[in-house]
Structures are given as C-alpha cells and as structure tokens.
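This briefing covers a nonpolar core, a ligand shell and some annotated positions. The sequence and structure come next.

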Amino acid sequence: MKQYLDLMRHVKEQGVYKDDRTGTGTWSVFGYQMRFDLSQGFPLVTTKKCHLRSIIHELLWFLRGETNIAYLKKNGVSIWDEWATPDGDLGPVYGKQWRSWEGPNGEVVDQIANIIEEIRANPDSRRLVVSAWNPVVLPDVSMKPRENAANGKQALPPCHCLFQFYVQNGKLSCQLYQRSADIFLGVPFNIASYALLTMMIAQVCHLELGDFVHTFGDAHLYSNHAEQVETQLAREPYPLPTMKLNPAVNNIFDFRFEDFELQDYQAHPHIKAPVAV
Ligand SMILES: Nc1nc(=O)c2c([nH]1)NC[C@@H]1CN(c3ccc(C(=O)N[C@@H](CCC(=O)O)C(=O)O)cc3)CN21
Ligand SMILES: O=c1ccn([C@H]2C[C@H](O)[C@@H](COP(=O)(O)O)O2)c(=O)[nH]1
C-alpha cells in the first residue's frame with residue numbers, strides 16, 4: 001500500500017492548514033489520484049491493522065439499500081453511531097441513493113441493478129455512472145447531522161459521491177470521486193470498500209479485475225491525527241493480502257458476510273484515533 005502512504009506523506013508535507021466543519025482543523029490538499037491494480041492483491045492498508053469486518057458489513061448495508069444503523073448495530077459495527085438519530089436514522093444516505101433514488105414523478109431508480117444490467121449488455125458504454133450526490137436531500141448547513149436526519153435530509157452529504165465503471169479487454173475497472181477524505185480513518189475503509197464492490201460486480205458480470213482509481217477533492221489529515229500519522233509513516237508496508245469471494249454467488253444482492261475470505265493479511269498493530277464529528 002505504497003500508494004496510501006504516498007498520499008499521507010504528500011498531504012503531510014504539502015497540505016495547507018484549514019479550518020473545517022467539525023472545528024478540529026486539518027492539513028488539506030485539493031486534488032489527488034491513486035491507482036490500484038486489483039489483480040495484484042487486495043488493497044487493505046498493512047501499516048495498521050484494519051477492521052475488515054466493519055468494511056464488509058458497511059458495504060453490504062449500502063447494497064441492501066438501508067439507511068438506519070440497526071443492521072450495523074446487529075453486526076457489532078459502530079462507525080456510523082455518532083451521526084444517527086436516537087432511532088438509528090441517517091436520512092437518505094448512500095443506501096437510499098444507490099438502490100432507490102426518487103425521481104420527480106415518483107419513479108424510483110435502482111442504480112446498482114441498472115449498472116450491472118448495463119455492464120453486461122453494453123460493456124463499452126461510457127455512461128456506467130452511479131451517483132450518491134442528490135442535491136434535493138443535502139443537509140441544511142445550519143443544523144447538526146442528527147437534526148438533518150430527523151428532518152428527512154442526509155445526516156452528512158456523501159463523501160464517496162460518484163463512481164464509474166469501465167470495461168477493457170474483459171477487465172472491469174472502477175473510478176471513484178471522493179469529494180472529502182479523512183486520510184487516516186476514512187480512506188483505508190473507502191479503498192477496501194470500493195475494491196470489494198468492484199470485485200463483486202466483476203464476478204457477477206463474468207469479468208476479470210482491472211484497476212481501482214481513487215480520485216480526491218479535499219484530501220485532509222485532521223490535526224488530532226498527527227501522532228498517528230507519524231507512527232504509520234515510520235512503518236514498512238507488508239505484501240498485500242488476497243481476497244476470495246464465494247464463486248457460487250452470481251447476483252450482487254445475494255452476497256453475505258460469509259462469502260468473503262481474506263487470506264495472508266499481515267499487518268502492523270492497530271492505531272487508535274479519534275473521529276471528528
Ligand atoms: N471525520 C470522519 N471521518 C470519517 O472517515 C467518516 C466520518 N467522519 N463520518 C461518516 C463516516 C463514518 N466512517 C468512519 C467512522 C469511524 C471510523 C473509525 O473510527 N475507525 C476506527 C475503528 C474501526 C471499527 O470500529 O471498526 C479505525 O481504527 O479504523 C472509520 C470510518 C467514515 N466516515
Ligand atoms: O466514507 C467516508 C465518509 C466520510 N469521510 C470523512 C471526510 C470528512 O473528514 C468527513 C465528512 O465531513 P464533511 O464536512 O461533510 O466533508 O468524513 C471519509 O473520509 N470517508
């Protein structure tokens with residue numbers, strides 16, 4: 001995961017200090033790109049132990065179209081707790097926009113089902129785009145995330161907001177545009193999550209693995225992660241692990257937690273860090 005450490009080093013060295021919504025303060029760079037060849041191993045950060053269980057459950061939760069943290073809680077995942085209402089609601093976040101985007105005439109669009117159909121039928125298409133960015137449901141900036149969720153708006157606007165697939169020589173690639181990126185806590189999750197999603201879609205579309213291209217808007221290091229960043233940059237990465245998907249699954253919505261098996265994950269110890277809310 002040299003690409004990830006290069007990003008971290010770049011923002012540490014070139015980042016400009018900038019205030020942010022959470023009041024924490026960040027070092028920030030605008031615009032950056034990483035590329036991972038998914039046939040060369042599963043891009044899970046090795047310079048700290050990452051909690052893949054949370055990443056898999058979060059992705060399955062998006063794919064189920066859910067926006068209440070009940071499914072996550074049931075599976076012991078707490079990464080969205082700070083933004084949910086007491087009822088566990090986050091408003092119409094990723095799952096809603098991916099699976100049941102509401103159009104102006106009451107029509108409902110399943111962007112994930114559509115994209116898979118389109119990749120199968122028309123792999124050369126240049127329109128294989130999924131967007132979670134829906135201006136109609138963006139939060140009101142004068143309210144807290146929980147208040148927005150209670151009022152039918154998104155608790156947070158999507159960070160990983162638009163992705164596109166591309167097929168060449170029977171290989172599936174995916175590019176993500178992430179408008180805002182917490183490099184220490186969020187980005188290891190985002191890389192692994194989109195790598196998994198690409199693998200799952202490749203399997204159900206009978207394609208080989210291409211690249212995951214990760215493009216950033218505001219890529220930042222929070223000021224209260226400085227020590228953790230130093231620790232991580234002093235570590236040598238290990239070779240990447242391998243991810244095995246249950247080959248019997250041929251419908252994207254049939255994947256279960258048990259269908260994922262991570263092999264040969266060698267990682268440095270976990271590093272704890274506070275999350276900016
Ligand atoms: N400031 C901030 N950073 C984020 O990465 C982030 C948000 N806010 N808000 C919405 C979601 C929630 N995500 C999160 C939230 C917390 C962790 C986190 O605390 N990770 C720890 C513990 C992992 C676990 O409990 O499984 C870690 O060490 O990776 C990661 C991603 C990503 N997003
Ligand atoms: O998947 C995610 C979700 C969120 N983040 C980070 C990026 C920012 O640090 C915060 C969101 O705050 P905004 O003020 O809405 O930008 O969460 C992430 O890195 N990955």
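The points below are grouped by topic.

The model is predicted; local features need pLDDT of at least 70, side-chain atom pairs count only at pLDDT 80 or more, and totals for chains, interfaces and linings use all residues. Residues are numbered from 1 along each chain as its sequence is written, and chains are lettered from A and ligands numbered from 1 in the order in which they are written.

**Nonpolar core**
- The largest nonpolar core (buried Ala, Val, Leu, Ile, Met, Phe, Trp, Tyr and Cys residues joined through C-beta atoms within 7 Å) has 66 residues; buried means 20 or more other C-beta atoms within 10 Å, with C-beta atoms placed from the backbone.
- Helix α7 (residues 186–204) gives the largest share of this core, eleven residues; helices are DSSP runs of H or I, at least four residues, and strands are runs of E, at least two.
- Val11, Leu90, Ile183, Ala192, Tyr194, Ala195 and Leu196 touch the most other members.
- Beyond four places in sequence, Ile183 is in contact (C-beta atoms within 7 Å) with Leu7, Met8, Val11, Ala219, His220 and Leu221.

**Ligand 2**
- Residues around ligand 2 (C-beta atom within 6 Å of it) include Arg21, His160, Asp182 and Asn190.
- Strand β7 (171–182) and α7 each supply at least two residues of this shell.

**UniProt positions**
- An unreviewed UniProt entry lists His51, Asp182 and Ala276 under "binding site"; such annotations may be inferred rather than shown by experiment.
- His51, in the loop between β2 (26–37) and α2 (52–63), is partly exposed because 14 other C-beta atoms lie within 10 Å, between the cut-offs of 12 or fewer for exposed and 20 or more for buried.
- Ala276 lies in the segment after β10 (260–263) and, leaving aside neighbours within four places in sequence, is in contact with Thr22, Thr24 and Tyr222.

Key. Two residues are in contact if their C-beta atoms, placed from the backbone, lie within 7 Å.
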